[in-house]
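Subject: Handing over the structure

Dear colleague,

I am passing this structure on to you, and below it you will find my notes on what was found. Please read them with the structure open beside you.

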Amino acid sequence: MAELKKERPIQLEISDLSMGFGGIQATRDVSFSVHEGEIYSIIGPNGAGKTTVFNCISGIYRPQEGSIRFQGREIVGMKPHKIAHLGIARAFQNIELFRGMTVLDNLMSARGFLLPYGLFRSALYLGKCVREEINARDAVEEVIEFLDLQLFRKTPVGGLSYGLQKRVELARAMAMNPRLLLVDEPVSGMNLEETEDMARYLLDINEEMNITVVLVEHDMGLVMDLSDRVTVLNFGIKIAEGPPREIGQNPEVIRAYLGEERIQGRS
Amino acid sequence: MGGNFKVSYREDMALFQTLWVKVWLSILILLLLLAPYLLSRYQLSILIEMGIAVIGALGLNLLTGYTGQISLGHGAFLAIGAYTSGLLTGKLGLPFFLSLPLSGLMAAGLGLIVGIPSLRLKGLYLALGTLAFGFIVEYILFHWDLTQGDMGMAVKRARLGDFVIKTEKAYFYFVMIFAAGAAICAKNLVRSKIGRCFVAIRDRDIAAEAMGIPLAKYKIMAFGISAFYGGIAGCLMAHYQRWIVPGSFDISLSIAYIAMIILGGLGTILGSVLGAILITGIPHWITYLTDVFKESYPALSGLIVDFKLGIFGLIIVLTLLFEPQGLFGIYRRVRLYWKTWPYKY
Ligand SMILES: Nc1ncnc2c1ncn2[C@@H]1O[C@H](COP(=O)(O)OP(=O)(O)OP(=O)(O)O)[C@@H](O)[C@H]1O
Ligand SMILES: [Mg+2]
């Protein structure tokens with residue numbers, strides 16, 4: 001399957017990405033390409049620069065060097081919301097939900113940019129505004145159903161368990177109707193059952209909805225099971241790339257993880 | 001998701017959700033319609049003051065409660081509305097039906113400008129920035145020839161076409177219509193895309209941006225809308241009092257508005273209304289009490305003028321300490337209590 005996906009066009013192309021914070025070089029000359037419809041994983045020890053790569057793609061950080069092309073278009077220097085409009089959605093590592101809102105409103109607010117009505121229609125809540133709201137609600141309900149959140153629609157997200165909040169993170173990203181989904185450690189802190197559910201969701205998102213997924217995860221079992229290809233970062237430098245089976249046997253990768261024991265994971 | 005779900009979405013999105021709300025609202029409307037016939041002129045004037053405060057408080061709550069941007073300069077936007085309409089009708093002879101929206105737009109325009117630094121300033125710094133804006137406006141009003149400084153400025157009666165809004169009763173209905181309209185528009189804003197963008201920015205601005213919400217646009221828009229509400233409130237106030245001085249729009253007015261939205265409940269429409277009513281009512285209520293006890297304790301009279309600001313400050317502190325969600329929080333708890341009995345989940 002991985003071979004087949006490689007035939008598809010490149011959707012995300014990262015070249016020579018370097019991002020530093022003062023004295024710390026978080027990533028150095030990182031390059032990789034993600035094909036349409038792939039599940040592509042980025043792994044590496046803590047502090048390796050994985051989240052930094054995501055923040056550069058989302059436009060939250062502006063890399064000092066390098067380029068990021070999405071569907072052929074340079075996105076370095078674009079504002080985060082513009083990048084989101086292109087179809088790049090993000091589920092955050094540390095839960096960054098809108099705490100004062102219900103699950104439903106979290107999802108609706110992520111869909112906001114797809115609703116074209118303006119201030120005056122909004123104040124009067126007539127015609128186009130109502131139609132657009134109903135359509136958005138329809139689409140958001142599909143996401144809610146897809147991720148089995150029906151019971152929590154009207155629950156304020158602050159009151160949900162950690163595992164559920166992680167799932168709402170994913171749901172909120174999905175509500176944006178993305179082409180590319182960036183998922184940062186979706187199963188950290190989850191139990192086995194929750195992890196298996198999450199794996200299912202990610203696979204379904206990828207296969208049924210044909211959405212490209214870039215995954216950052218420490219759970220090697222999950223990475224090995226889901227990924228078409230894997231990139232390994234260590235101290236901000238890419239040390240290996242390839243199909244999961246090869247990566248698991250790569251001596252340099254094993255050395256990077258030595259002492260962390262994480263590469264064994266659960267599989 | 002079939003079409004038949006849409007019916008329920010529409011219900012779910014309705015402005016007034018339950019029969020109870022509709023019943024209470026009908027009673028309220030009825031009482032307001034009857035109020036001029038039941039109340040004294042003085043009591044009616046308090047209700048007018050409350051109605052105007054409701055409009056201003058809604059505006060500030062959209063900015064501070066919903067978008068999370070603190071403003072200590074809300075009084076300045078009322079001043080801008082008041083003086084704009086006063087000057088337009090007085091000096092240029094513009095009709096009131098034009099000067100009213102223009103005073104809102106004037107305030108909104110300046111609000112947009114004040115909003116620009118909000119892209120850089122957060123929290124305390126934004127509070128200081130808006131405070132400074134308030135002082136600048138006050139300074140200009142004091143020193144500009146046109147506004148006649150602390151001598152004050154006379155403002156014409158409001159008139160719509162040939163009809164001059166002369167009586168207390170007429171002005172009461174007029175203000176109530178505006179207050180209701182302001183509340184409905186605010187409610188519409190917050191239950192639609194705009195309001196969700198505001199709250200998203202308040203709760204997590206970085207995530208909001210990553211969800212495609214342009215921070216700059218919505219932060220500045222919140223300032224504009226808030227200032228528009230303030231401007232309209234100021235204009236209505238000016239044409240009611242028919243005499244305006246810069247001193248009535250100083251920092252203490254801004255603090256009164258902060259007290260309203262904190263006491264009522266940050267980020268709620270109902271809270272803005274309740275807070276505006278109470279904070280406007282409290283000085284009158286105290287005046288009433290001091291009048292009652294004047295015979296036995298003459299020193300009490302005049303107390304209210306000195307202590308109004310202190311009382312508002314105390315209300316802010318006590319609310320934040322004991323009921324951070326304000327009156328709306330209490331309302332919600334009571335409602336939840338009744339809701340869990342017997343069927344509703
Ligand atoms: N905003 C920032 N300011 C300063 N240093 C930062 C910032 N963001 C990341 N770093 C540093 O960059 C390095 C890479 O961090 P990053 O968050 O990308 O790691 P990670 O691979 O996601 O780690 P983890 O697995 O723990 O999430 C770390 O040394 C981190 O301290
Ligand atoms: Mg990380």
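Before the notes begin, one definition is needed for the places named in them: helices are DSSP runs of H or I with at least four residues, strands are DSSP runs of E with at least two, and both are numbered from the N terminus. Please also keep in mind that this is a predicted model.

With that definition, Arg242(B) can be placed in the loop between α10 (215-241) and β4 (243-244) of chain B. The phi angle of Arg242(B) is near 60°, which is a positive value in a residue other than glycine, and Arg242(B) is partly exposed, with a relative accessible area of 33%. In chain A, Asp29(A) is not a glycine either, and has a positive phi of about 45°; Asp29(A) belongs to strand β2 (residues 24-35) of chain A and, at 44% relative accessibility, is partly exposed.

A positive phi also appears in a hairpin of chain A, namely that of β4(A) and β5(A), where two residues lie between the strands and Gln71(A) has a phi near 50°. The two strands of this hairpin run antiparallel and are joined by two bridges, β5 covering residues 73-74 of chain A, and Arg69(A) stands opposite Glu74(A) in β5(A). Strand β4 (residues 65-70) of chain A also pairs with strand β1 (residues 10-21) of chain A, in the antiparallel sense and over five bridges, with Ser15(A) standing opposite Ser67(A) in β4(A).

Next comes the metal site. Which protein donors does the magnesium ion (ligand 2) have? They are Thr51(A), through OG1, and Gln93(A), through OE1, and they lie 1.9 to 2.1 Å from the ion. Because Thr51(A) lies in helix α2 (residues 50-58) of chain A and Gln93(A) in the loop between β6 (88-91) and α4 (103-111) of chain A, the pair ties together parts that are 42 residues apart in sequence. Thr51(A) is partly exposed, with a relative accessible area of 25%, and Gln93(A) is partly exposed as well, at 23%.

I turn now to the charged pairs. Side chains of opposite charge can pair when their charged atoms come close. Over all chains, a search of the whole structure finds 12 salt bridges. One of them is formed by Arg204(B) with Glu96(A), whose closest N and O atoms are 3.5 Å apart. Arg204(B) lies in the loop between α8 (193-203) and α9 (205-210) of chain B, whereas Glu96(A) lies in the loop between β6 and α4 of chain A, so this pair joins two chains. Arg204(B) is partly exposed, with a relative accessible area of 30%.

Within chain A, the side chains of Arg137(A) and Glu141(A) meet in a salt bridge of 2.9 Å, N to O. Because Arg137(A) and Glu141(A) are four residues apart in helix α6 (residues 128-146) of chain A, they are separated by about one helical turn. Are these two side chains on buried or exposed residues? Arg137(A) is buried, with a relative accessible area of 6%, and Glu141(A) is buried at 2%. Chain A also holds a network of salt bridges that links Glu38(A), Arg229(A), Lys238(A) and Glu241(A).

In chain B, a salt bridge of 2.6 Å, N to O, brings together the side chains of Lys122(B) and Asp205(B). This pair links distant parts of the chain, with Lys122(B) in the loop between α5 (96-115) and α6 (123-143) of chain B and Asp205(B) in helix α9 of chain B, 83 residues apart. Asp205(B) counts as buried at 19% relative accessibility, because the cut-off for buried is under 20%.

Two further points concern chain B. Ile29(B), Leu30(B), Leu33(B), Leu34(B), Tyr37(B), Leu38(B) and Leu39(B) make a nonpolar surface patch of about 700 Å². Of these residues, Leu39(B) is found in the loop between α2 (19-38) and α3 (41-66) of chain B and is partly exposed, at 32% relative accessibility. Thr84(B), by contrast, is buried, with a relative accessible area of 13%; Thr84(B) sits in helix α4 (residues 74-90) of chain B and, not counting residues up to four places away in sequence, touches Leu102(B), Ser103(B) and Met106(B).

With kind regards

Methods: Residues are numbered from 1 along each chain as its sequence is written. Chains are lettered from A and ligands numbered from 1 in the order in which they are written. This is a predicted model: local features need pLDDT of at least 70, side-chain atom pairs count only at pLDDT 80 or more; totals for chains, interfaces and linings use all residues. Side-chain values use heavy atoms; hydrogens and water are left out. Donors are N, O and S atoms within 2.8 Å of the metal (3.2 Å for Na, K and Ca); water is not among the atoms, so sites may look incomplete. Buried means under 20% relative accessible area, exposed over 50%, partly exposed in between (1.4 Å probe, protein chains only). Two strands pair if DSSP finds at least two bridges between them. Patches are made of residues with over 30% relative accessible area and no salt bridge: like charges are joined within 9 Å, nonpolar side chains (Val, Leu, Ile, Met, Phe, Trp, Tyr) within 5 Å. Accessible areas come from the Shrake-Rupley method with a 1.4 Å probe; for residues, only the protein chains shown count as cover. A salt bridge is a side-chain nitrogen of Lys or Arg within 4 Å of a carboxyl oxygen of Asp or Glu. Contact means heavy atoms within 4.5 Å.
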